[in-house]
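I set out to look up the sheets, the loops and the ligand site in this model. My entries follow the order in which I checked them.

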Amino acid sequence: MRQDPLAYLAAELDLLREQGLYRSLRVLDDRQQASAHFDGRAVINLSSNNYLGLTTHPKLIAAAREATETFGVGSGSVRTIAGTMAIHMELERRLAAFKKTEAVVVFQSGFAANAGTVSAILNKDDVIISDELNHASIIDGCRLSRAAIKVFPHKDVEAARRIVRDLPASQRKLLITDGVFSMDGDLGAVADLCAIAEEYGCIMMVDDAHASGVFGQHGRGTIDHFHVHGRVDIQVGTLSKAMGALGGYVAGSRALIEFLYHRARPFLFSTSHPPAVAASCLAAVDILEQEPEIIDRLWENTRFFKTGLVKLGFNTGLSESPITPVIAGEGSLAMKLSDRLFQAGVFAQGLAFPTVARDKARVRTIVTAAHTREQLQFALDAFAKVGRELGLI
Ligand SMILES: Cc1ncc(COP(=O)(O)O)c(C=O)c1O
């Protein structure tokens, strides 16, 4: 009988089980919202990226329903053949105006936007200078581009400068950072890196996936927060987190966007969004423009919850955003913390190596504008009880 050529995968999984790092997927039984049912249990949900609570916003739902009735459920093609609908173009125009750039291209996800853009604009003769904690989609884009990759220690601007300074002036260089780092919730060194990019003629790129809808006026992102409009050549945003639906986009010059229309492989070779997705994203842009007080609520909740965790004595790292890690250390301890919190009615996902460094395993909490004070206090009480049981505080 033929031996299973994939048997080694089961052995890898056994190893994860032995190390206490095996995870089964938590299944959401109802809507993605502040209080929800996962695996049949009612929990306060601190694990989504639904920063503004838009996944269930009536205006987005109505827009999606109407677009489906009018245009159907699918686009039926990739953008470059028959799958560019008027609503896709309208969304790109609205996002460009919102981001104050010449143009925008929408991708199927933020991951596709990062990976598709970096791999399209560079080749093996070029160099990428990248923060060590940049998102996996940036790393994959860098690898796909076949450019040389030089990694600088997290937010170490002087190290980045030394790398750039020692490269030939004639070589094309991309300097790239996350705007908000997804595991630690700290902000990228955006303004300082812009200065280096200007001094040495680098292309400057910022992935604002966790900053869109969160930082800057009306949620325009870290470019607005740091007042560097016009100094970042390529801005990536996502429509899957604060915007409540799905997708990613690149904002920049008209030439950049038209080039990506011709060369970005996820754009060329994968079917475009259903009309309902584009319509709900348009409704989300309306909300950011017309109801910015929703972002204020997010920040009030963030301050309340973050202060509560710090007062309890948890190690919350260097977070500056609604993402607050609670660092446990060992991978198995972080998983235990997450599991016990879940039993106590709070869902905060455990994260261990290789997602974060081996000794910095954690649970990651993300509050949203939709959480009530009572829900956040309930979560803090659960953290206090479980944290004491595990000797973390
Ligand atoms: C920093 C960062 N960039 C990009 C992405 C990808 O975005 P999306 O979920 O829309 O693919 C994520 C999502 O986890 C992220 O955290």
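**Entry 1: an antiparallel sheet.** I looked up the strand order and found an open sheet of three strands, β10-β13-β12, with antiparallel pairing. I noted β10 (323-329) and β12 (350-351) as the edge strands, each of which pairs on one side only. The model is predicted, and I keep that in mind for every entry here.

I then went to the contact between β12 and β13. Strand β13 covers residues 361-366, and two bridges join β12 to it, running antiparallel. For one of the residues involved I wrote down the position: glycine 350 stands opposite valine 363 in β13.

**Entry 2: the loop between β12 and β13.** Which residues does the cis peptide bond join? I found it between phenylalanine 353 and proline 354, with omega at about 10 degrees. Proline 354 belongs to the loop between β12 and β13, the two strands that I had just seen joined by two bridges.

**Entry 3: a mixed sheet.** Next I took the open sheet of three strands with the order β1-β2-β11, where the pairing is mixed. Why is one side of β1 and of β11 left without a neighbour in the sheet? I put down that β1 (35-38) and β11 (346-347) stand at the edges and each has a single partner strand, so one side of each lacks a neighbour there.

Strand β2 spans residues 41-45, and I recorded two bridges between β2 and β11, which run parallel. I looked up the partner of asparagine 45 as well: its bridge partner in β11 is phenylalanine 347.

**Entry 4: the loop between β1 and β2.** I checked the backbone of aspartate 39, which lies in the loop between β1 and β2. Its phi is near 50 degrees, a positive value in a residue other than glycine.

**Entry 5: the ligand site.** I asked where the ligand sits and found it in the second largest pocket. I listed 15 residues around the ligand, the closest being Asp207, His210, Thr238, Ser240 and Lys241. By class, I have two nonpolar, ten polar and three charged residues in this shell. Helix α4 (residues 110-121) gives the largest share of the shell, three residues.

Which distances did I note for the side chains of serine 240, histidine 210 and lysine 241? An N or O atom in the side chain of serine 240 is 2.6 Å from an oxygen atom of the ligand. For histidine 210, a polar side-chain atom lies 2.7 Å from a ligand oxygen atom. For lysine 241, I have 2.9 Å between a side-chain N or O atom and an oxygen atom of the ligand. I closed with the area: the ligand taken alone exposes 390 Å², and the protein buries 83% of that.

Notes. Residues are numbered from 1 along each chain as its sequence is written. This is a predicted model: local features need pLDDT of at least 70, side-chain atom pairs count only at pLDDT 80 or more; totals for chains, interfaces and linings use all residues. Side-chain values use heavy atoms; hydrogens and water are left out. A residue is near a molecule or strand if one of its heavy atoms lies within 4 Å of it. A polar contact is a pair of N or O atoms within 3.5 Å; within protein, one must be able to donate a hydrogen and the other to accept it, and residues adjacent in sequence count only if both atoms are side-chain atoms. Accessible areas come from the Shrake-Rupley method with a 1.4 Å probe; for residues, only the protein chains shown count as cover. On a 1 Å grid over the protein atoms alone, a cavity is a set of points where a 1.4 Å probe fits but cannot get out, and a pocket is an open set with protein on both sides within 12 Å along at least five of seven lines; lining residues have an atom within 4 Å of a point. A molecule sits in a cavity or pocket if more than half of its atoms lie within 2 Å of its grid points. Helices (H or I, at least four residues) and strands (E, at least two) are DSSP runs, numbered from the N terminus. Ala, Val, Leu, Ile, Met, Phe, Trp, Tyr, Cys and Pro count as nonpolar, Asp, Glu, Lys and Arg as charged, and the others, Gly among them, as polar. Two strands pair if DSSP finds at least two bridges between them.
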